[in-house]
Every structure is written in C-alpha cells, then in structure tokens.
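Visitor: I would like to look at a structure together and ask how its labels are justified. Could you show it to me?

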Amino acid sequence: MSDTFKFSIPMKNDEEGFFGRECPNEECLGYFKIELGTGLQGEDLPCHCPYCGHVGPHDTFWTQDQLEYARSAAMREVQKYVGDMLKRTFPPSRPRRGDFISITFQYKPGRPLPLYRYEEKQLETALVCSECGLRYAVYGVFAHCPDCGSHNSLQILKANLDLASKELELSITVEGLLADQLVADALENGVSAFDAFGRESFRVNSGLATAPDEVARISCQNLESLKSRISKLFGIDLTTSFTVEEWRLLVQGFQKRHLIAHRMGVVDQAYISNSGDLRAVVGRKVDLDSKEVSVILLLVRRLGHHVQDALRAKRAEAS
Ligand SMILES: [Zn+2]
Ligand SMILES: [Zn+2]
C-alpha cells in the first residue's frame, strides 16, 4: 500500500507581472503568458491556447519549468518533513545501563535540496484583450485570448489602421515628396493590415469553408477577386455593408495600392480595367490625396467589422 502526499507550492509571476503557460496539445506546446487577475473573473474558467485554440483547465497548462520548480520545492518539503519526523521519534537521550543495547546514530541535516530556478521567456507581443481585458503576451501577433477565446485579428487591424491614420496626420505637417510618400505609405499599410487580418480571419475559420484547403491561398489585396472567392468558399457577401459608391472607392483604393507597390504609382491598363477609374491616364501617375486615403481607411475598418460579424454568424449557424 502506498500513501500519497500533497503539497501546495506557490508559483511566481515574472517582473512584468506575467505568468507563464504552455499548451498541453502535443502538436502545439505553445508558450505564452497571462497576467492573473485581469480578464474574466470567476472560478474554474478554462484556458484557451492563443495559438491552436485548444481549450482545457488551467492546471493542464503548466510550463515544463514550473513543473520542475514545483517538484524541487516539493522535494525540499519532504526533506524537511523527514528531518522533523526523525527528531520527534528519536529525541536525544543518554545511553542507559542495564538490559538495553544502545544503538547510536546521528542525523545531520544536510544542506537543503536545491530549488530549481527559472525565468519566464521574453515574448514578442503584449496585448490587452478588447473583449475581456486580459493582459497576455505571445510569440507573433495574432492570437486567441487565453481567457475568453476571442480572436484578436480585428483588434490588430484597428491598431494598424490607427497607425496609418497617424501617418496621414503627419503628412499634413510636411510638404512635397515627403507628404506624398506618407500618404502613399498610409494607404499601403492600411491595405497590408487588411490583407493580414483577412488571411488570419479566414484561416482560423477554415472549418466553415466549402473547400478548407483553398483558404490558405486567399490573398486579400484585390477586393473584387476576394469578393468572389469568399462568396464561393464561405457564402459571405463582402459588399453588404457598403453603398455601391463606397464599394467602388474601396476597390479603387486597393488598386491604387497595387500600382504604388508594384509600378511606382504609374497607371497601366490593368488598373483602369480593374478599378473603373475613368480619370486615370495610362503612363501618368495615379491621383492620391490624404482625404481619399482617410476615407478608404474608414471603409477598411468597416470591412474588417463586416468580415468578423459575418464569420461569427456563420459559426453560430454551424454550431
Ligand atoms: Zn496550442
Ligand atoms: Zn479576452
């Protein structure tokens, strides 16, 4: 028969207040950190892996370092307990005369067993969940919130659009080529941010697609082709949050970004056919001003919300 002993070992945060976690899913084993006390409040809430979305009880998310530390701390407790027990069972006594054989032994408590020491790892992105307020940190950028499980793709898109808007504000304070460059950069950054947002949003929802293998190949830089792809794969119409004129502006903005990124902003026939921009002339530089880009950034933000809401509705439908 064996007895089981239990110890409660207090665990510690790192200097930024974060607590390490490791996904127990064998194919993931992703490392991340959370700040306890922020986010959802309540007992026995599950933990969501920010990388693979695995959900399980918090006590299955210990890191290897934490387990090693707990083992070493427990061994110390055992050592202390054994020492105390020996002292209690065999109090020091003088040798007795008579019909006793005296056996003497000495117990010298040695140095305490070493405690395993570790540092939590440095991660790349610290985030505050916009849904539940949890502070957490991950490798990369995109993640599921470890507390409420919501994905941060829209939050990241909005942060990048805010940055692009700041570039526009900056462009007004300077002149000439530098101002033009800032306006063009703002448009490029807004479109790139939407591309990254879209790829990630459709990837994490690829289970809803009619052909999940095709989702990895989605590019979100050409809105008209994206529109037909998403309609085919997810049954989602990207245009329903926009007037015809707004959608046209958005499509044109994305086409202008393509010209700027690949043709130094010089108009070609493909641009005119794809954008329907009747004022553009082949061989001339495309028109772009900060007012137009500012409208496009607002429309991109709305498109991001539209994609998120539509995918959420599809998930609800599927469950
Ligand atoms: Zn995982
Ligand atoms: Zn959250």
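Visitor: What makes up the area that the chain exposes?

Guide: In this predicted model, the chain exposes about 19500 Å², and carbon and sulfur atoms supply 54% of that area.

Visitor: And how many of the residues count as buried?

Guide: Of the 319 residues, 37% do. The label requires a relative accessible area under 20%.

Visitor: How do you know how the chain compares with a compact globule?

Guide: A compact globule of 319 residues would have a radius of gyration near 20 Å, whereas the chain has 30 Å. Along the principal axes, the C-alpha atoms fill a box of roughly 120 × 50 × 30 Å.

Visitor: What is the chain built from, read along the sequence?

Guide: There are eight helices and six strands, and their order is β-β-β-β-α-β-β-α-α-α-α-α-α-α. As for contacts between residues at least 6 apart in sequence, 58% of them join residues at least 24 apart.

Visitor: Let's turn to the metals. Which atoms coordinate the zinc ion (ligand 1)?

Guide: The SG atoms of Cys23, Cys28, Cys49 and Cys52 do, at 2.2 to 2.4 Å. The cut-off for a donor here is 2.8 Å, and these distances lie within it. Along the chain, the spacing of these donors is C-x4-C-x20-C-x2-C.

Visitor: Why is the arrangement around the zinc ion (ligand 1) called tetrahedral?

Guide: Four donors earn that name if all angles lie between 85 and 135 degrees. The angles around the zinc ion (ligand 1) are 106 to 114°, so the arrangement is tetrahedral. For reference, the ideal angle for four tetrahedral donors is 109.5 degrees.

Visitor: What about the zinc ion (ligand 2): which are its protein donors?

Guide: Its donors are the SG atoms of Cys129, Cys132, Cys145 and Cys148, lying 2.3 Å from the ion. They follow the spacing C-x2-C-x12-C-x2-C. The angles here are 102 to 117°, and therefore this arrangement is tetrahedral as well.

Visitor: Are the cysteines Cys23 and Cys28 buried or exposed, and why?

Guide: Cys23 has 0% relative accessibility, so it counts as buried. Cys28 has 24%, which makes it partly exposed, since that label covers values between 20% and 50%. At the zinc ion (ligand 2), both Cys129 and Cys132 are buried.

Visitor: What makes up the largest nonpolar core?

Guide: It has 40 residues, and those with the most contacts inside it are Phe194, Phe202, Ile218, Leu223, Leu226, Phe234 and Leu250. At least two residues of this core come from each of α2 (153-172), α3 (176-204), α5 (223-234), α6 (244-263) and α8 (290-318). A second, separate core of 16 residues includes Phe19, Phe61, Val138 and Ile156.

Visitor: Which residues does Phe202 touch, beyond its neighbours within four places in sequence?

Guide: Phe202 is in contact with Val215, Ile218, Cys220, Leu226, Ile230, Phe234, Val307 and Leu311.

Visitor: Which backbone detail would you point out at Leu29?

Guide: Leu29 is not a glycine, yet its phi is positive, near 50°. Leu29 sits in the loop between β1 (19-22) and β2 (31-34). With 42% relative accessibility, Leu29 counts as partly exposed.

Visitor: And why is Met264 called exposed?

Guide: The label needs a value over 50%, and Met264 has 69% relative accessibility, so it counts as exposed. Met264 lies in the loop between α6 and α7 (269-275), and its phi is positive too, about 55°.

Key. Residues are numbered from 1 along each chain as its sequence is written. Chains are lettered from A and ligands numbered from 1 in the order in which they are written. This is a predicted model: local features need pLDDT of at least 70, side-chain atom pairs count only at pLDDT 80 or more; totals for chains, interfaces and linings use all residues. Side-chain values use heavy atoms; hydrogens and water are left out. Donors are N, O and S atoms within 2.8 Å of the metal (3.2 Å for Na, K and Ca); water is not among the atoms, so sites may look incomplete. Four donors count as tetrahedral if all angles lie between 85 and 135 degrees; four count as square planar and six as octahedral if opposite donors are over 155 degrees apart and all others between 65 and 115; anything else is irregular. Buried means under 20% relative accessible area, exposed over 50%, partly exposed in between (1.4 Å probe, protein chains only). Helices (H or I, at least four residues) and strands (E, at least two) are DSSP runs, numbered from the N terminus. The radius of gyration is taken over C-alpha atoms; the globule rule is 2.2 Å times the number of residues to the power 0.38. Contact means heavy atoms within 4.5 Å. Accessible areas come from the Shrake-Rupley method with a 1.4 Å probe; for residues, only the protein chains shown count as cover. A nonpolar core is a set of buried Ala, Val, Leu, Ile, Met, Phe, Trp, Tyr and Cys residues joined through side-chain atoms within 4.5 Å.
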